[in-house]
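Reader: I'd love a close look at one part of this model, the backbone and packing of chain B, with a word first on how far the rest can be trusted. Could you walk me through it?

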Amino acid sequence: MNGSEIRDSFEKQWQEALEGAELSPSGRVWEQIDRDLANADASRYKRKAIIYKYAAVVAILVAVSVSIPSNWIRKGASDQFVAQKENQPTLVSIPSLPNANGSDDAGANGISYNHIISFPAEKDEEKSADKRVDLYTDQHTYELFTSISRKGSQGLDVDLDQFWIDPVPDYSFSSVVSQRNKYNRFWAGVGLGSSSFDPNYQSNTTDEVTSAVLTSRPHLVKDTKGGGSISSVSEEISEGVNFQLGLNMGMRIANRWTLESGMQYGEAMLTTTTNIVVENRHFARSVPLSSEASNLESINRTQEIVEYVEDDVVLNNTFHFASVPVKAGFIILDKRVNLRINAGVITNFYLGNTLKDPTKSLATIELSPGDNSPYRTVSFSGHAGLSVGYRLLKNLDLMVEPNYAQSIHPFIGTSSNFAATPSGLGLSAGVRYNFK
Amino acid sequence: MSFSDEELIEGCRKHDRNMQEKLYDKYARSMFVVALRYVKLEQEAEDILQEAFVKVFQSIGKFRKDSTLSYWIKRIVVNTALNHQRSKLYLYPMVDVTDLKKKGDEADAISSFSHQELLRMIGELPDGCRTIFNLYAIEGYKHFEIAKLLKISEGTSKSQYSRAKSLLKEKLRLYAKIGYERVGDQG
């Protein structure tokens with residue numbers, strides 16, 4: 001009898017006998033799986049935060065590597081311009097120019113003279129510069145000239161080496177000269193952002209936390225099943241991800257300086273771990289106990305005995321903020337691709353946070369701003385970033401900004417027994433409309 | 001409310017903890033039996049079950065519908081059990097055999113035993129025999145596949161299986177005898 005025949009008898013009997021067999025494992029298996037999955041979820045958030053960190057760092061490096069060479073190019077071009085100015089047009093700003101026929105009536109017949117070009121060419125020679133030239137004045141830059149002609153001595157009471165733009169009616173002049181966006185004074189935009197959010201959580205010593213959370217509450221007693229001795233409270237808030245959505249508006253306050261503000265809504269998703277769970281017959285579910293929730297009225301007010309058990313729990317801790325940033329910007333590059341360094345202060349309005357058990361087996365704790373909250377309603381953070389813009393349409397820019405924010409004002413109230421100074425590297429993106 | 005496998009898979013792919021728990025509830029009992037076949041102690045089987053289901057939830061995105069969900073989970077449980085066993089798998093030195101000959105034709109009334117009794121008999125086998133018996137007789141692996149899986153020779157797999165089979169037949173007879181004696185005592 002060969003192997004397959006054996007499988008047909010003895011083995012088949014075993015297979016059939018055990019087919020459909022079911023036995024219930026103990027409840028601890030799912031509890032452990034649940035815990036492992038919650039930890040994995042927390043790790044996933046951490047990994048995301050790390051990815052955002054690296055993305056922001058890469059973006060900053062790319063932006064810096066683009067901006068430095070472009071500055072060199074600009075500087076090089078400037079040096080070259082100086083070197084070649086004998087042959088190149090340079091701008092001389094003249095508030096009032098005579099028109100072509102030599103009169104002083106600059107505005108007559110709808111004719112305007114905006115600029116005059118110094119062009120030390122040979123006398124009496126007609127010259128033209130039919131090309132794109134960047135001309136800088138105090139308030140405007142024009143980049144397109146169709147015709148710059150030398151008029152020599154014809155009717156101009158100026159040196160022969162001076163040339164001016166051919167007088168054209170205002171409307172036609174506008175059609176010839178295009179004004180670039182950087183001279184649009186105001187803009188408004190919408191943006192989305194994401195960043196790592198490291199609370200830099202610093203707890204007091206385990207004994208101090210234990211004292212603050214447990215010892216000071218005589219009504220909290222350890223579940224008799226867990227033994228009589230008081231527990232040590234151990235807790236932590238770990239790094240997560242912050243998402244923002246907002247409106248912004250800005251204005252150019254000088255040739256290279258900008259001022260920007262706006263309004264943002266943000267959610268920071270962190271992870272809180274604690275090892276104490278409170279059970280009370282008034283609560284529909286057990287409640288995780290942490291320093292954050294130490295001011296919970298519902299626990300403080302009760303005079304009856306409340307039992308707690310030691311149980312490591314991982315909670316999703318979601319903070320809600322409204323923020324008002326005020327940022328000053330310095331324009332490094334203002335071409336189709338533009339670069340701006342921003343720095344400023346963000347006023348953060350804490351709107352509350354939620355401690356939620358992903359397994360839904362514990363009650364959700366919602367903390368609101370106010371006297372009972374461990375967090376200050378208003379706090380401030382410093383902000384620095386490098387804004388990179390790209391002209392999509394005539395008045396529409398696509399903006400990306402790697403940035404870094406650091407808390408500069410206590411986020412935690414003085415009565416709390418832990419500290420947190422949030423910081424994070426982030427990347428925001430959006431569009432901005434430039435008003436004429 | 002019961003969910004189809006497709007709905008459970010979709011929910012688990014979204015990391016929906018409720019759906020993960022429902023999938024666990026649906027398959028945990030049958031998979032616990034699979035895990036129990038590979039170990040002596042229930043505690044060990046629970047550890048295997050826990051590890052296997054975490055793997056299931058973490059890799060459910062890779063599940064392709066070329067097999068049933070039940071079969072896919074079972075493979076993960078078996079592989080997890082084998083990983084647990086590998087570290088302590090000791091195969092008694094035996095003479096390799098090249099072919100298995102049937103030594104008897106006992107009509108073993110396996111179906112007359114309860115699941116728990118059968119699992120106890122399997123659990124009492126030496127680790128190596130138990131693993132190979134499970135793979136060959138229950139999971140349906142061939143000896144060359146078992147040899148590859150456990151990095152042993154095909155002959156070793158056959159000889160270990162032969163020993164497992166012999167031990168099990170002995171246990172079947174013993175358990176049957178105890179059972180009859182108990183029935184007799186009660187009568």
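**Confidence first, then chain B**

Author: Happily! In chain A, residues 1-5 keep a pLDDT under 50, and the model has three contacts for them beyond four places in sequence. The pLDDT is also below 50 over residues 76-182 of chain A, a stretch with 128 contacts in the model beyond near neighbours in sequence. This is a predicted model, and chain A averages a pLDDT of 69, with 55% of the residues scoring at least 70.

Now to chain B, beginning with its backbone. B:His15 is not a glycine, yet its phi is positive, near 60 degrees. You will find B:His15 in the loop that links α1 (5-13) and α2 (17-38) of chain B. B:His15 counts as partly exposed because 16 other C-beta atoms lie within 10 Å.

A positive phi also turns up at B:Lys151, about 55 degrees, and again the residue is not a glycine. B:Lys151 sits in the loop between α7 (143-150) and α8 (154-186) of chain B. Here 8 other C-beta atoms lie within 10 Å, so B:Lys151 is exposed; the cut-off for that label is 12 or fewer.

For packing, turn to helix α5 of chain B, residues 115-123, whose buried residues are B:Leu118, B:Met121 and B:Ile122. These three lie on the same side of α5(B), because they cover an arc of only 100 degrees around the axis.

Definitions and conventions:
Residues numbered from 1 in each chain as written. Chains lettered and ligands numbered in written order. Predicted model: local features only at pLDDT ≥ 70, side-chain atom pairs only at ≥ 80, totals over all residues. pLDDT = per-residue confidence, 0-100. Contact = placed C-beta atoms within 7 Å. Helix = DSSP H or I, 4+ residues; strand = E, 2+ residues; numbered from the N terminus. Buried ≥ 20, exposed ≤ 12 C-beta atoms within 10 Å, placed from the backbone. Arc of directions from axis to C-beta.
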